[in-house]
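Welcome! Please take a moment to look over the sequence and the 3D view before reading on.

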Amino acid sequence: MLTITRKLEFDAGHRIPDHKSQCRNLHGHRYTVEITLVGNVIEQEGSSDNGMIMDFSDVKALAKQYLIDVWDHAFLVYEKDVAVRGFLDSLPGHKTVIIDRIPTVENLAQTAFDILKIAYQDRYGTGLRLHKLVLHETPNCWAEITAD
Ligand SMILES: Nc1nc2c(c(=O)[nH]1)N=C([C@H](O)[C@H](O)COP(=O)(O)OP(=O)(O)OP(=O)(O)O)CN2
Ligand SMILES: [Zn+2]
């Protein structure tokens, strides 16, 4: 299978409310996301993206629009974490993203996958689709999702 992968980074805060150790504290990470796409190679003489599954700059632009610019420098808060939601609401203009599940790297990877799956789905009529997403929370800890 032929795939392409684009790596992007963003900074975000989170906490795992019921964690047994220090992850229950408000803290942040520089997340790294690796987006892997599959699809037919474009064959259009004279086209800018001839020979490509998708131009890496277009992969980046869509990722920024749908995910990176939304989550970068935001606090990713679990919708049931009422204590932190109340605090964030008290900060005027604070960039907060409410997540419908606990913001572990597993759940954030699943959420990011669901968002980006729609963003890339068959843009060019070439069967383009999101194949895999890897989300690194730290250099040592990450989650991977591959399409069914
Ligand atoms: N399965 C998961 N385990 C943990 C998660 C998670 O999302 N999924 N998250 C955390 C913490 O939020 C934190 O992101 C990880 O902290 P830590 O284990 O300290 O990671 P480090 O890479 O800094 O580990 P070192 O041992 O310091 O190298 C915890 N668990
Ligand atoms: Zn963390």
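This report walks through the strands, one helix and the surroundings of the ligand.

## A word on the model

What you see here is a predicted model. Please keep that in mind while you explore the sections below.

## Strand β3 and its neighbours

A good place to begin is strand β3, which spans residues 74-78. Four of its five residues are buried, so β3 is largely enclosed by the rest of the structure.

β3 pairs with two strands described here. With strand β1 (residues 3-14), the pairing is parallel and rests on two bridges; G13 has F75 of β3 as its bridge partner. With strand β4 (residues 96-99), β3 also runs parallel, and four bridges join them. To see this pairing, find V77, which stands opposite I98 in β4. Between β3 and β4 the chain passes through helix α2 (residues 82-89), and this β-α-β crossover is right-handed.

## Helix α3 and its two sides

Now turn to α3, a helix of 16 residues. From its first C-alpha to its last it reaches 22 Å, close to the 22 Å expected at 1.5 Å a residue.

Which residues of α3 are buried? They are L108, A109, A112, F113, L116 and Y120. These residues cover an arc of only 140 degrees around the axis, which puts them on the same side of α3. The pattern fits a general rule: an α-helix has 3.6 residues a turn, so residues three or four places apart point the same way. On the other side of α3, you will find D114 and I118 exposed.

## Strand β5 and its partners

Strand β5 also has two partners to look at. One is strand β2 (residues 27-38), which runs antiparallel to β5 and is joined to it by seven bridges. Here V33 stands opposite L135 in β5.

The other is strand β6 (residues 141-146), paired with β5 in the antiparallel sense over six bridges. H136 has W142 of β6 as its bridge partner. Together β5 and β6 form a hairpin, with two residues between them.

## Around ligand 1

Finally, which residues surround ligand 1? The shell consists of I16, C23, H29, T104, V105, E106, E137, T138, N140 and C141. By character, these divide into four nonpolar, four polar and two charged residues.

Two elements you have already met take part in this shell: α3 (105-120) and β5 (129-138) each supply at least two of its residues.

How values were computed. Residues are numbered from 1 along each chain as its sequence is written. Chains are lettered from A and ligands numbered from 1 in the order in which they are written. This is a predicted model: local features need pLDDT of at least 70, side-chain atom pairs count only at pLDDT 80 or more; totals for chains, interfaces and linings use all residues. A residue is near a molecule or strand if its C-beta atom, placed from the backbone, lies within 6 Å of it. Ala, Val, Leu, Ile, Met, Phe, Trp, Tyr, Cys and Pro count as nonpolar, Asp, Glu, Lys and Arg as charged, and the others, Gly among them, as polar. A residue is buried if 20 or more other C-beta atoms lie within 10 Å of its own, exposed if 12 or fewer, and partly exposed in between; C-beta atoms are placed from the backbone. Two strands pair if DSSP finds at least two bridges between them. A crossover is right-handed if, with the strands pointing away from the viewer, the path from the first strand over the helix to the second runs clockwise. The expected span of a helix is 1.5 Å times one less than its number of residues. The arc is that of the directions from the helix axis to the C-beta atoms.
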